[in-house]
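Student: I should like a close look at one helix in this model and at the part of the fold on which it packs. Please give the geometric criteria with their cut-offs as you proceed.

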Amino acid sequence: METQLFAKESACAAIVETGHALIEKKLVAGSWGNISCRIDAQNIAITLSGHGYETLTPEDVVIINREGDVVEGKHIPSSELKVHTAIYNAYPEAGAVIHTHSIYASALAAMHQGVPAIIEDIVQIIGGRVECAQYALCGTQELAENTVRALNGKKAVLLANHGAVCWGKNMAEALLAAEILEKAAQIAVICAGTGNKVYELSCEDVDVMHDFYEKHYSKRQQGEE
């Protein structure tokens, strides 16, 4: 699957559509969380700060560069823009980033626990166990650095006492990663509540399944294979 770059108008429309999806799927509430996608090598479209998704319009979306400076738009960009730009700078293949406050992922984040590699779909799309980044105040460079460090090549990370961040080569993949992450987090919480042992997939199996997803299954999802 190739990294998707959006024309500005398409980027703004994709962010609005994804915002509605996050509300519908109960991955965010109110104005919390944020969404971005790459327009080109230098510019990124991102949600504005403090605005609910239900009434979000394409005109509300802000264009920033990879340093976080506003290029176009009449609003203040998301306070988490440093996390977004840090991910794009660390992963040139990233086409979209979504930050959620979903319930079960946030529950594990509150316990400073990651999401174990216990179901196949999380390892296929995300790449294995999802770690929890060390706590830092929201909107800070420290949080951005902690996020990238804890990603460690994966497509998702938990933010301690905060929520989760996922990225994908396009918006659909980033949203799917957010959904799968929340599903896996819910399963992990349910398993922990039973007191029974949880069996993680082996590193070898994780590598095989993620490699298959990257080289074949993701392309099939896009009709490319």
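Tutor: In helix H3, the buried residues are Ala105, Ser106, Leu108 and Ala109; buried denotes a relative accessible area under 20%, exposed one over 50%, and partly exposed the range in between, with a 1.4 Å probe and protein chains only. Viewed along the axis of H3, these residues fall within an arc of 160°, so they line one face of the helix. That arc is taken from the directions leading from the helix axis to the C-beta atoms. The cover over them includes E6, E7, E8 and H6. Helices (H or I, at least four residues) and strands (E, at least two) are DSSP runs numbered from the N terminus. After H3 comes His112, with a positive phi near 60°.

This is a predicted model, in which local features need pLDDT of at least 70 and side-chain atom pairs count only at pLDDT 80 or more, while totals for chains, interfaces and linings use all residues. Residues are numbered from 1 along each chain as its sequence is written, and side-chain values use heavy atoms, leaving out hydrogens and water.

The sheet beneath H3 is open and has eight strands in the order E4-E3-E2-E1-E5-E8-E7-E6, with mixed pairing; two strands pair if DSSP finds at least two bridges between them. E4 (70-72) and E6 (132-133) stand at its edges with a single partner strand each, so one side of each has no neighbour in the sheet. H3 (residues 103-110) packs on this sheet, touching E6, E7 (156-159) and E8 (163-168), and its direction makes about 60° with that of E7. Contact here means heavy atoms within 4.5 Å, and the angles, from 0 to 180 degrees, are between N-to-C directions of axes fitted to C-alpha atoms, for helices over the stretch in contact. H5 (residues 141-151) also lies across E6, E7 and E8, running at about 135° to E7.

Among the strands touched by H3, E8 has six of its six residues buried. Gly163, Val165 and Trp167 are on one side of E8, and Ala164, Cys166 and Gly168 are on the other. E8 pairs with E5 in the antiparallel sense over five bridges, and Ala164 is the bridge partner of Thr100. Four bridges join E8 to E7, also antiparallel, with Val165 as the bridge partner of Val157. The hairpin of E7 and E8 has three residues between the strands, and there Asn161 takes a positive phi near 55°.

His99, in strand E5, is buried at 2% relative accessibility. A polar atom of its side chain lies 2.7 Å from the backbone oxygen of Ala164. Beyond E8, in the loop leading to H6, is Asn170, which is buried with a relative accessible area of 4%. The side chain of Asn170 reaches the backbone nitrogen of Glu173 at 2.7 Å.

Definitions and conventions:
A polar contact is a pair of N or O atoms within 3.5 Å; within protein, one must be able to donate a hydrogen and the other to accept it, and residues adjacent in sequence count only if both atoms are side-chain atoms.
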